There are 2 protein chains.
Amino acid sequence: MKNFRFKNPTDIRFGTGRLDVELHDAVSHFGSRVLFVYGGHSIKKSGLYDTVKGLLADLQLTELPGIEPNPKIASIREGQKLVKDNDVEVVLAVGGGSVIDAAKVIASAKFYDGDPWDLVKDRGVTRHKLPQLPVVDILTLAATGSEMNSGSVISNPETHEKLGTNGPNTPAVSFLDPTLTYTVPHRQTAAGSMDIFSHLLEQYFDRSKNNDASKGMMEGLMRTVIKWAPIAVKEPDNFDARANLMWSATMALNGVMSVANENGWTVHSLEHELSAYYDITHGVGLGILTPRWMEYALTKDSTTAEMFARFGRHVWDLEGDETYAVAQAAIDETFDWIQHLGFPMTLPEVGIADERHFDAMATAAVANARLETRAYVPLSEEDVKAIYQAAMTDGLTA
Amino acid sequence: MKNFRFKNPTDIRFGTGRLDVELHDAVSHFGSRVLFVYGGHSIKKSGLYDTVKGLLADLQLTELPGIEPNPKIASIREGQKLVKDNDVEVVLAVGGGSVIDAAKVIASAKFYDGDPWDLVKDRGVTRHKLPQLPVVDILTLAATGSEMNSGSVISNPETHEKLGTNGPNTPAVSFLDPTLTYTVPHRQTAAGSMDIFSHLLEQYFDRSKNNDASKGMMEGLMRTVIKWAPIAVKEPDNFDARANLMWSATMALNGVMSVANENGWTVHSLEHELSAYYDITHGVGLGILTPRWMEYALTKDSTTAEMFARFGRHVWDLEGDETYAVAQAAIDETFDWIQHLGFPMTLPEVGIADERHFDAMATAAVANARLETRAYVPLSEEDVKAIYQAAMTDGLTA
């Protein structure tokens, strides 16, 4: 096991009925001048917008609506102006990962006089030298884990860049009420669940040896997502389904699972190029690519087969002594589970009819994520292209 | 799933070679007047005492040696005087759970003018109203999890009480270097591992419904302890064994595993009376009682059998469809694993030759832990006595 440092002071308030009692104090503890960041009309439709406004009526709320699903730098710039002009003391984010991502960068941008894109472009180097306003959030989607980590992904349409940046702090307080996700449509529930599952998978398939404590916890969380995601898709107001997904999403990416890990993230980087060239949902892209990556990765060497077999036995409850057979069965189970969540399972089904961008996408994926040196199974541009090609046809090739 | 609140800001520094680089700053960040709390001669023998003194030579260290395996209130009183007299700014604890337990209460006692037993006696009610000095610790034993929680257990020989107390804060910084546990003797390694396993088991067998995220993570940690404890016992300097046990111990009791749980701790309360009446090691008592409790609990109802079968399948990798058979096999596996760690498995083997205290012990256990109402499987005094009696003879009764 490698050395690691872990610290995560986010104050999690999980469950129903907490906002009425706790939201006001959680926010006003940091001050009375608040930037209220949110997305579109969904929180107005659900009534959450009115609830928040009512509970914080005595505070000075400045609103920043319109945060996009992939938050754009323009919103951050707008937020920067607002926090400076109003001398904001605390940022309140109400929404999914994108809204919280944006809030965290704005919380740094108050203390930076230049263009906030600088704070993204350098991956957070400058942010770590700056103070950061406290962020309080109310989560409305179980997916990214942004509610308990310091990361943000911000897009810059002018430069065609979508980059991750880390700040010095995780959110100060996160309200996680599973009932606020009852209104998430089934397709988005499936995509969010796929995102959670993929976060776990990316950290699970790593090159560290004997990191069993982390791997064991991830296996438990993966079983939890496998069990409850289909239920949440079918029964949107199943509390236990929503609660298990919500807490699994948070735990998957709050740093606990990645301690002592040694790897880069492969499927996310492959999907990143897919989203960059075509306008498809992140979780849908992950659903299509994940089993294809698994199939491609398995054939490489026996250490990998052992790891996939472990995945089969502890995540999919597969039995049998033949390592390679269990490993292959685990991939089949993964494919079937994703398909049963209602995902399209080929690239043509999401409108990618030909391979004309695959060379460029493969080049970018390998370069950006250093897949030839950092990936669990090292991948060349040819390898990546083959994975994209496999996703053009139905089912698995084996 | 029930509502829960979770916050744990302890800064974990895990791995080798960190003290030389990080200890001085971690301590002096809080001030230069330090209370250095430790136990007996083991840290002097290992050289850790000299290392710490050398690294902190420019700080004003006041020493409080002699913290006992079950820390006594006399040590806390001594510590209270020292932190007040020297206007101490930070407490440095070097040792196992007992030393860290003592340090946390002393850290509160600086701000209390009465007898610190008051701070234990009221289970921490007063401590939560007081400030608390920051505690930095260097852990030398994987067992109690005190390095990342706010709890302490303090004994008062005058009143024959041994009570738990919680403070407002977890340790500020905890150094977890697995190599510092290489010198832990095999018997204490086994007892520490049993303590970790039992912490997980007590939280796992609970009455919450559908708390799969927590249960899944605990299953992973239990598998980790099962795998690595026997290796650590046989190969004391196996880094991965020591590292997995150390991190599992911390994760088992830092609050992550208990979120949304609904239960009291049964086996710990049964063992508590054993330790109170006879001078036996906590982990050894847990080893003897755990399989007997399991066997007694299993016969009660079918929900319990389902839970034990789940434990068998996900923790012991047992196969088979017959719930009750898998449940029973899981108990056998648990018994064998404990026995193979080198534990005595009956009460007579640890010097308890007769049953004369069993009535009083059963009465106290049921009353102290409210076992008739709060336990996973409710237990009467008769039930508890039967479990003690079962531990008088070899093997399991089934």
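Here are some friendly notes on the predicted model above.

1. Ground rules. This is a predicted model in which local features need pLDDT of at least 70 and side-chain atom pairs count only at pLDDT 80 or more, while totals for chains, interfaces and linings use all residues. Residues are numbered from 1 along each chain as its sequence is written, chains are lettered from A and ligands numbered from 1 in the order in which they are written, and side-chain values use heavy atoms, with hydrogens and water left out.

2. How the two chains relate. A turn of 180° with a shift of 0.0 Å along the axis lays chain A on chain B with an RMSD of 0.0 Å (least squares on the C-alpha atoms of residues with pLDDT of at least 70 in both). That is the relation of a two-fold axis. Of the interface residues of chain A, 100% are also interface residues in chain B, so the copies meet through the same surface.

3. Domains of chain A. The assignment, automatic or from a database, gives domain 1 (11-181) and domain 2 (186-390). Their contact (heavy atoms within 4.5 Å) takes 18 residues from domain 1 of chain A and 16 residues from domain 2 of chain A. The C-alpha centres of these two domains lie 28 Å apart.

4. The record. An unreviewed UniProt entry annotates residues 9-178 of chain A as "domain: Alcohol dehydrogenase iron-type/glycerol dehydrogenase GldA"; such annotations may be inferred rather than shown by experiment. That stretch is 32% helix and 26% strand (DSSP runs: helices H or I, at least four residues; strands E, at least two).

5. The nonpolar core. The largest core (buried Ala, Val, Leu, Ile, Met, Phe, Trp, Tyr and Cys residues joined through side-chain atoms within 4.5 Å) has 226 residues, and W247(A), F311(A), W247(B) and F311(B) touch the most other members. Among the residues that F311(A) touches are F197(A), Y204(A), M222(A) and W316(A).

6. Around S75(A). This serine lies in helix α4 (residues 73-85) of chain A. S75(A) counts as buried because its relative accessibility is 6% (buried means under 20% relative accessible area, with a 1.4 Å probe and protein chains only). The side chains of S75(A) and E68(A) share a polar contact of 3.2 Å (a pair of N or O atoms within 3.5 Å, one able to donate a hydrogen and the other to accept it; residues adjacent in sequence count only if both atoms are side-chain atoms).

7. Around I100(B). Helix α5 (residues 97-109) of chain B holds I100(B), which is buried at 0% relative accessible area. Its contacts beyond four places in sequence include D137(B), L139(B) and P171(B).

Technical notes
Buried < 20%, exposed > 50% of the residue type's maximum accessible area, 1.4 Å probe, protein only.
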